[in-house]
Amino acid sequence: MAEPEFAIKVTGLTKTFGDFTAVDGIDIAVPRGQIFGFLGPNGSGKTTTIRMLTGTLRPQGGQAEVLGTDVVHHADQVQQRIGYMSQKFALFEDMTVDENLRFYAGIYQVPAEEFAQRREYVLRMADLVGREDELTRNLSVGWRQRLALGAATIHEPELLFLDEPTSGVDPVARRQFWDLLYELAGRGVTLFVTTHYMDEAAHCNQLAFIYRGRIIAEGSPSQLRHSQLDQRIFDIAVTDADAALDQLSGTSGIDDAYLSGASLHVVTPREESLTADDLRRRLIAAGFAAPTVREVDPTIEDVFVNLVTRHR
Ligand SMILES: Nc1ncnc2c1ncn2[C@@H]1O[C@H](COP(=O)(O)OP(=O)(O)OP(=O)(O)O)[C@@H](O)[C@H]1O
Ligand SMILES: [Mg+2]
């Protein structure tokens, strides 16, 4: 049988809880071998979607093919071929590194004769060689997430779901974690990742934004960044960015303003004649010393903030 082109193909997928619709008729297509980023604010339906795609939650409507198999009706045929690093629960804190790996190898039915070799591979990948007997709760968050990744891949899945895998992880450890994800992708594993970190979104091949259960934008990071051509973004570096935000928010010619890292981002309509100089003068008139204002290309974060503001 020919391998299906898509690792995930979803149409009209819907999940309701009582009269609340958590996932509202979404379509998703993820080609094999890609890193697919699934972004959305808290409560927008990301985890609910993953649970349907891993066969742990039954949708009310729509189709979901995972690795060429209908996961709604044949979850058991899919589950041995996928890995799932869940948002809330990925490891037993009171078990050792080694015990967690053994536990997951059991769940995923790794044959006994393959386990030693898989265990060694995972320990090396996660840089945990020599720490096999440490209690998981004593590992720092970054190491714990690497162990969780190892546990979710102990059976060499073709497709891996990662639900906010780097939440609470420091920037250096996040980078190391992403190196591991690239390594997996390089070996042909398809990755479906949710994250709130916009720098991570930029590392994905494809992105979809979900908001209130609906997909409101999708495309590659660069397609998304350049689809906002009806607006301009100004980056403002100023000593008191918070106060500058209050000063400029809601004033004429400004669609939106928000903090972005250490600076302030101001969004204006493209046809608006406001210039960087105008914004600088406004701030100086309000008593801000030496603000630096420059027009910038939108970042993924700008696109995300704009989309959510527009749909609210
Ligand atoms: N079992 C459930 N019963 C009732 N409502 C639920 C249930 N599971 C999720 N929901 C609701 O569905 C919505 C979507 O939840 P979900 O966990 O999918 O969001 P999320 O995008 O993963 O959010 P976060 O970024 O906070 O993890 C939320 O409003 C949540 O309260
Ligand atoms: Mg979630």
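**Exercise 1.** Is the crossing of α5 and α6 right-handed or left-handed?

*Setting.* We're working on a predicted model, where local features need pLDDT of at least 70, side-chain atom pairs count only at pLDDT 80 or more, and totals for chains, interfaces and linings use all residues. Residues are numbered from 1 along each chain as its sequence is written, while chains are lettered from A and ligands numbered from 1 in the order in which they are written.

*Solution.*
- Step 1: find the elements, which are DSSP runs numbered from the N terminus (helices are H or I, at least four residues; strands are E, at least two). Helix α6 covers residues 171–186, and α5 covers residues 141–152.
- Step 2: take the axes, lines fitted to C-alpha atoms over the stretch in contact, with angles from 0 to 180 degrees between N-to-C directions. For α5 and α6 the angle is about 15° and the axes are 10 Å apart. That makes the pair roughly parallel, the word for angles under 35 degrees (over 145 is roughly antiparallel, 65 to 115 roughly perpendicular, the rest oblique).
- Step 3: the crossing of α5 and α6 comes out right-handed, with the near helix turned clockwise from the far one by less than a right angle (anticlockwise would be left-handed).
- Step 4: list the contacts, meaning C-beta atoms, placed from the backbone, within 7 Å. Gly142, Gln145, Arg146 and Leu149 of α5 meet Ala173, Phe177 and Leu180 of α6. These split into four nonpolar, two polar and one charged (nonpolar: Ala, Val, Leu, Ile, Met, Phe, Trp, Tyr, Cys and Pro; charged: Asp, Glu, Lys and Arg; polar: the others, Gly among them).

**Exercise 2.** Now describe how α3 packs on α5.

*Solution.*
- Step 1: the axes of α3 (residues 97–107) and α5 come within 9 Å and cross at roughly 30°, so α3 is roughly parallel to α5.
- Step 2: this crossing of α3 and α5 is right-handed.
- Step 3: Val97, Asn100, Leu101 and Tyr104 of α3 make the contact with Leu147, Gly150 and Ala151 of α5. Sort them and you get five nonpolar, two polar and no charged.

**Exercise 3.** Is leucine 162 buried or exposed?

*Solution.*
- Step 1: place leucine 162 in strand β7, residues 159–163.
- Step 2: leucine 162 has 27 C-beta neighbours inside 10 Å, so it counts as buried (20 or more; exposed is 12 or fewer, partly exposed in between, with C-beta atoms placed from the backbone).
- Step 3: leaving out residues up to four places away in sequence, leucine 162 touches Met85, Leu191 and Val193.

Key: Two residues are in contact if their C-beta atoms, placed from the backbone, lie within 7 Å.
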